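Visitor: I would like a close look at the helix packing in this model. Please keep it brisk.

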Protein chains: 2
Amino acid sequence: MNNEFSLGIDFGSNAVRLMMVNISNGEEVAQVAQLYTGGEDGVFYDPSDVNVARQSPGSYLEAMVAAMQLLKNQRELSDFNWYNIKGIGIDATGSTPIPVDEQNRPLASYEKFKDNLNAKAWMWKDHTSESEAAAITRLARKIRPDYLKFCGGTYFSEWFWAKMLHCAHVDSEVFDAAFTWVEFSDYIPAVLTGVNNARKIQRNICAAGHKGLYNESWGGYPDSEFLGQLHPGLAIVRETLPHRSKGVDQSAGDLCEEWARKLGLAAGIPVAMGALDAHVGAIGAGVNNHILVKIIGTSSCDIAVTDSHSLELPGISGIVKDSVIPGFTGIEGGQSAVGDIFRWFVVELLQRDERYHGELIEQGNELKPGQSGLMALDWNNGNRNVLFDTNLSGLILGQSLKTRDFEVYRALIEATAFGAKRIIDQLKSGNVSIERIICTGGIPHKNRLFMQVYADVLDVPVYMAQSSETVALGAAMIGAWVYLKKKDPGIEIFQLQEKFCKINEQVYHPVPENVQIYKQLYEIYLTLHDAFGTQGRGTHLFSVMKELLKIKRMKR
Amino acid sequence: MNNEFSLGIDFGSNAVRLMMVNISNGEEVAQVAQLYTGGEDGVFYDPSDVNVARQSPGSYLEAMVAAMQLLKNQRELSDFNWYNIKGIGIDATGSTPIPVDEQNRPLASYEKFKDNLNAKAWMWKDHTSESEAAAITRLARKIRPDYLKFCGGTYFSEWFWAKMLHCAHVDSEVFDAAFTWVEFSDYIPAVLTGVNNARKIQRNICAAGHKGLYNESWGGYPDSEFLGQLHPGLAIVRETLPHRSKGVDQSAGDLCEEWARKLGLAAGIPVAMGALDAHVGAIGAGVNNHILVKIIGTSSCDIAVTDSHSLELPGISGIVKDSVIPGFTGIEGGQSAVGDIFRWFVVELLQRDERYHGELIEQGNELKPGQSGLMALDWNNGNRNVLFDTNLSGLILGQSLKTRDFEVYRALIEATAFGAKRIIDQLKSGNVSIERIICTGGIPHKNRLFMQVYADVLDVPVYMAQSSETVALGAAMIGAWVYLKKKDPGIEIFQLQEKFCKINEQVYHPVPENVQIYKQLYEIYLTLHDAFGTQGRGTHLFSVMKELLKIKRMKR
């Protein structure tokens, strides 16, 4: 048992990361990362259109092989028997659809398409497909309103069908040459399990459900009539997709001979179904009923699970049965900008370098809630949840002639915390209660002010995942899970989490007097949120500045 | 005639400035300034109360004598015959009431009061008397609503009666020892003309009307019943005040022997009635019908005159017949912070030194109106006109993740311009139309971006007074005027302005395409202004961010 290991393969935005864990004790044995090649850090941009972001599918595979070589070159592993790796788990960014031919070969590998960005992988952050997303939302509202019930009421430009439709509109040569389109997180398992018939590619429920309008209640993917009205070609793609998607508890197949050789692993070990990176990260961080995992970096991704299956949560990006942990409904929300807002303030506005965060954190930490008299809205990059509106912008109010930079910095942190609370309130309104937060990502370990403000605003203890790479860890856990399930089909992911998911000893607890003031401040935030973010609500702004001044002048 | 000169004596916040002009051609012959002594730059603060700001009346006189000596020491004037000075004009800050005894001796000169701040001059920026001002407003609303008609609807804590009432509340020893209280701008003419009976002190209509609720329509100062209800002592002070105030076209008397000796001037030359500094500055800048003089420094003071005498301009600080130019109604408005907001942004927020303004002006000048997508409210120090509300604060909205400092800087300038337009709109609503702006003060010569934005937002040509010291110049003009009137009673101040008031050749004209966009932006400003600044108006905020983004994204 001590000789059984699992390999997590985490395909991020610019690099692939491998993590090897000891299945018996959850120990992270080794990890390596390898950048993708081509473009800028693996991303191909179009100088004439800032919305374009594509990647080379070939570079994904090359980077994976190179990373495996890096792992094998680690001195500590020189004696390691690679046949002790018993399972592989995979995650990838998404929605990152890749056009492939009937043999599951990416069109990007064709000589005639080698310089055509449309034949490459359409990276999650590609924003070319806004008008197509709007068309999908419009048509759904008209003839399939149910389709919008679980994606916040709006289909988003970053998602599967919008990108495909955009390709159909702008590049019929590529679109017509594609037999089907496959999500990055399905492409890799298909490759590793030797699928060379694109009809046989299995689709993971996480990407399908959160990005592809897949839902069992309407029979899987959107129907051909709906897709055909958007573009006849989409109805044809629909026919190439399986009726059922699968969760990460299932194997996509066994590692094929060819890839076993390339990676130097044993052929025949199970390769788990893939999933989106954030969702796998939530597993690695310890998501469970009543626990919200917040992955906080430039933006935030909030992942929760619930055993309730009849949820309606308007304004929440994604609600998909089995998407995170099979058997549970997975919920995905998030904020369009978190760390990006702090970075904006320090680097773009103050023209300081990143080290200045430290000073602002120190000074901001000396302030009491409300003492600055400031209030901000966290909308510099629009609002993803719950307003689902990119046509919004930032706001700071309450400035005097003495307002200092660290006061604004703290107000911006508070604004993101209030935005986070607004999402949690929405979950509560759908009877999904949150009793604890586990944070992971780039910000939490660097910013104690951030963590304490979140504990005080959200009024729950805020924990940090100990692992610095919860996504790769989650992938490794999934690899272990599909292996262990072969022997013990009833094993649950929670049993693995107990072993694998360690929590940092630094826990942030709510401070009662701060909680009290933040309750008042949150009401003011909501007033602004509704006034600027909704139509027909929020008419009581006269009191906003006055209440903030009153709180500012309170004796403490 | 070439040998006739006038002396302007301008008592500012921290220094007295003397300006000598040639009456025949308006030439500024010489000027000097001398700081007041004591406290910090002549101001006594109270470490236990940030609202206190007092000055020593004795230091005013000492500084005036020292300044005269400086003037006489100027090499170019070594041969000057000081008997050629034919008239003296005086202005001072205000409301700056000074408690004096029956012989017009400041209580501050008494040994027993020498360390008592309440016995000193209560400087205009002393803010100790907020609750007393509120009490005056309340009582006036109840029993004398007319009293509030010409002061924006609210009596202000910086003004005459509020300060006196505060003294009555906190220091009855000083209050009881005072025979009367005299405005700084009346104290100096009284001293120079040898008034040693406090009953004989003449009161200038500018300070009395703008700060002391003096109005002919209700018989001068507020009546004893009203004042007595506030405090019996105020009714007693009321009895020491003359029934009629006088304008700057009138002589306060002749220079007395004692002060002629101290200053080395001819006894018997006329000393004009005093006035408040900003109002005298407006004369020096060239105020006239349809011309608004804006004195722009840390805050703004807007002065206009109109030949209409039945004005109602709610929200405008002061409307007083004869206060600026006798025969006209003087109008005083202004913004609580202008240069102070730019300074706040550069020095407090960005932590740069004052030189950084130059860079921000350069870069901000490259932007087109609306291009940044930003909108600000100019309320970091509250709003003086037209909301008359100190419980307001700053606001900036429209930030993206790329918003830069120079964009915010320009938005702050625009906010002050919109605030200025709101005041001008209020004047228009009372049929006082403005066709040209003349700027003076610290900002205009230093900030061309500011000037062009004002021309574009206000849609009128914006001029700069050539003189860097329009207040001292105005005082000298008044000194010349009372002298010339002795020979030619019909002479008008406008005749002197033609000679004395020179305009800088740099004129800022509105650019039509900018005017067009600023009209749209001003509507958005008003939406925010009314939403946060008034009760029951301004309910349409949903569109604010969206319209700004639309304007930002416009093809140019």
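Guide: Here is a walk through helix H10, its partner H15, then the H17 and H18 pair, and last the two chains together.

This is a predicted model, where local features need pLDDT of at least 70, side-chain atom pairs count only at pLDDT 80 or more, and totals for chains, interfaces and linings use all residues. Residues are numbered from 1 along each chain as its sequence is written, chains are lettered from A and ligands numbered from 1 in the order written, and side-chain values use heavy atoms, without hydrogens and water.

Start with H10 of chain A, residues 277-285. Helices here are DSSP runs of H or I with at least four residues, numbered from the N terminus. Eight of the nine residues of H10(A) are buried, so this helix is largely enclosed by the rest of the structure. Buried means under 20% relative accessible area (1.4 Å probe, protein chains only). The buried residues include His279(A), Val280(A) and Ile283(A). Just after H10(A), Gly286(A) has a positive phi of about 110°.

Now move to chain B. The axes of H10(B) and H15(B), residues 470-487, come within 7 Å and cross at roughly 80°. Axes are lines fitted to C-alpha atoms over the stretch in contact, and angles run from 0 to 180 degrees between N-to-C directions. H10(B) is therefore roughly perpendicular to H15(B); that term covers 65 to 115 degrees. Contact means heavy atoms within 4.5 Å. Val280(B) and Ile283(B) are among the H10(B) residues in this contact, and Leu473(B) and Met477(B) are among those of H15(B).

H17(A), residues 512-533, and H18(A), residues 542-553, pack at about 165°, with axes 11 Å apart. H17(A) and H18(A) are therefore roughly antiparallel, a term for angles over 145 degrees. Ile517(A), Gln520(A), Leu521(A), Ile524(A), Thr527(A) and Leu528(A) of H17(A) meet Val544(A), Glu547(A), Leu548(A) and Ile551(A) of H18(A).

In chain B, Ala531(B) lies in H17. Ala531(B) is buried, at a relative accessible area of 2%. Its C-alpha is 46 Å from that of Thr240(B), which is 291 residues away along the chain.

Last, the two copies. Chain A can be laid on chain B with an RMSD of 0.1 Å, by a turn of 180° and a shift of 0.1 Å along the axis. The superposition is by least squares on C-alpha atoms of residues with pLDDT of at least 70 in both. That is the relation of a two-fold axis. The same surface serves both copies, as 100% of the contact residues of chain A recur in chain B.

Terms used:
Helix = DSSP H or I, 4+ residues; strand = E, 2+ residues; numbered from the N terminus. Parallel < 35°, antiparallel > 145°, perpendicular 65-115°, else oblique. Buried < 20%, exposed > 50% of the residue type's maximum accessible area, 1.4 Å probe, protein only.
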